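Please open the viewer and keep the selection panel handy. We will go from one stop to the next, with a short note on what to look for at each.

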Amino acid sequence: MKKLITILTFLLLSNSIWASFIYVPMNDRNQKNHLKAYGIVFYALEAGIKSKWLLNYDGGAFLIENNKLIENECKIRGVSYQIISDAKAQIILEEISSPSSNQDAVTLEKAPKIAVYSPKDKMPWDDAVTMVLTYAEIPFDVIYDKEVLEDKLLLYEWLHLHHEDFTGQYGKFYGAFRTAPWYIEAKLASEKQAKELGFSKVSEEKLAVAKKIRDYVIGGGFMFAMCSATDSFDIALSAEGVDIVEAMFDGDATEPNYQSKINYNKTFAFKDFDLVRSPTTYEFSSIDMTSKRTIPKTSDYFSLIEFSAKWDPVPTMLTQNHTTLVKGFMGQTTSFDIETVKTNVLVLGENRTNREARYIHGTKGKGMFTFYGGHDPEDYTHRVGDPKTELDLHPTSPGYRLILNNVLFPAAKKKKQKT
């Protein structure tokens, strides 16, 4: 009996010693909830538990120090995982470190503090980032113009721009919705807010906000934007000091020949674009490809670009997925005309047939930005008033994974980017 107890004790201790990591696979076969897996990693980081992101390995798997707290959360949230020994973990890490493999293990250090720039009373449509953060159980704060102008951005490492119109043209919904109660109320609310913040026009107030966000990125912040927040942000910066807003939006006429006064040097990502003057056209500029597309829904996909994991970890992190082919989806700004993307901006996802960039990334000063075209990765033509996307029906969404890559990558211990 004494010998049996000794053996059992040895086995228990051995199991404790060797079963020292929680392995979270991220391939398309063994992970039943990719989206909540990111929340598990975020939860671990907040608890001070060390983690590694295994780039280009098993769909971008995660390796977390074994802890009963994390294991229980995996069970509660429905995230697939395995308990592996220290020896097994070392074999995986050695395989990844091989010079012949396009893989890397990135240490995740600290969960970033997240802000979502969004109206406090949202319009009658949904924001994909807010939805997926909530679904993945990743905490965030909602801030808007007042907080941005009061420099509250300095409290955050990562900022998402809700599909905003930074040009002060109210999303260019004028043509279709100018008599809709929600449009009228939103316009009045925006005008009231601008006056309360000391501006005579909404366009002037939105420009001031855009400049604060620009400075936040230059100072080292991480910014992510989708849909109309991408091109309207750059357009607002490029038109600083130039009135490009028609009278029905701000009460006075536009500046003559304003197109010739646009300064592309002030933008983050885009160049050589033409503004759309008509107030009834649901489009800001020639950056967007929505009206130029001839791709049927059944064949609307974009490809993720492969980068060197060991030399370019940031774009590699941003493109981690269990598939390199992601189904397309529409938005006010669906995708970006490749001819308008600056040469120093990385294209992370593209449809080469249509010569459009869907997913781009760049640096500005000490910070970084990512622009992702389209509105909702799991709602092809999401329109005003459409029902909310239920992410329980899409727990393995490749399109939503790209958003969560951006949320997590500021937690990584940085290496110098070579591209």
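A residue is called buried here when its relative accessible area is under 20%, exposed when it is over 50%, and partly exposed in between (1.4 Å probe, protein chains only). Helices (H or I, at least four residues) and strands (E, at least two) are DSSP runs, numbered from the N terminus. This is a predicted model, in which local features need pLDDT of at least 70 and side-chain atom pairs count only at pLDDT 80 or more, while totals for chains, interfaces and linings use all residues. Residues are numbered from 1 along each chain as its sequence is written, and side-chain values use heavy atoms, with hydrogens and water left out.

**Stop 1: helix 5**

Select residues 128–136. This is helix 5, and eight of its nine residues are buried. Color these buried ones: Ala128, Val129, Thr130, Met131, Val132, Leu133, Tyr135 and Ala136. Now bring up their cover, which includes helix 2 (34–46), helix 3 (68–77), strand 6 (114–117), strand 8 (158–161), strand 9 (222–226) and helix 13 (398–408). Contact here means heavy atoms within 4.5 Å.

Stay in helix 5 and pick Ala136. Is Ala136 buried or exposed? At 0% relative accessibility, Ala136 counts as buried. Which residues is Ala136 in contact with, leaving aside its neighbours within four places in sequence? The list is Leu35, Lys36, Gly39, Arg77 and Leu404. Draw a C-alpha to C-alpha distance from Ala136 to Gly39: the two are 4.8 Å apart in space and 97 residues apart in sequence. Then step just past the end of helix 5 to Glu137, whose phi is positive, at about 60 degrees.

**Stop 2: helix 10**

Next, select residues 228–238. Eleven of the eleven residues of helix 10 are buried, so the helix is largely enclosed by the rest of the structure. Among them are Phe233, Ile235 and Leu237, along with Asp231 and Asp234. To see the packing around the buried residues of helix 10, show strand 8, helix 9 (202–218), strand 9, strand 12 (336–337) and strand 15.

Strand 15 (residues 367–372) deserves a selection of its own, with Tyr372 as the residue to pick. Tyr372 is buried, with a relative accessible area of 0%. Add Thr333, 39 residues away along the chain: the C-alpha atoms of this pair are separated by 9.2 Å.

**Stop 3: Lys266**

Where does Lys266 lie? Look in the loop between helix 11 (247–250) and strand 10 (301–304). Lys266 is partly exposed, with a relative accessible area of 31%. Not counting residues up to four places away in sequence, Lys266 touches Leu237, Ser238 and Glu240. Leu237 and Ser238 are among the buried residues of helix 10. For a view across the model, add Val106: its C-alpha is 33 Å from that of Lys266, and the two are 160 residues apart in sequence.

**Stop 4: two loop residues with positive phi**

Asp151 sits in the loop between helix 6 (145–149) and strand 8. Its phi is positive, about 65 degrees, although Asp151 is not a glycine. Asp151 is partly exposed, with a relative accessible area of 38%.

Lys172 is in the loop between strand 8 and helix 7 (174–177). The phi of Lys172 is also positive, near 55 degrees, in a residue other than glycine. Lys172, however, is buried, at a relative accessible area of 2%.

**Stop 5: cysteines**

Select Cys74, which is buried with a relative accessible area of 1%, then Cys227, which is buried at 4%. How many disulfides are there? Taking a disulfide as a pair of cysteine sulfur atoms within 2.5 Å, the count is zero.

**Last stop: the whole chain**

Zoom out and show everything. The protein chain has 13 helices and 15 strands. Its radius of gyration, taken over C-alpha atoms, is 23 Å, close to the 22 Å from the globule rule (2.2 Å times the number of residues to the power 0.38), so the chain of 419 residues is as compact as a globular protein of that length. Turn the C-alpha trace along its principal axes and the span is about 95 × 40 × 40 Å. Of the 419 residues, 57% count as buried. Among contacts between residues at least 6 apart in sequence, 76% join residues at least 24 apart.
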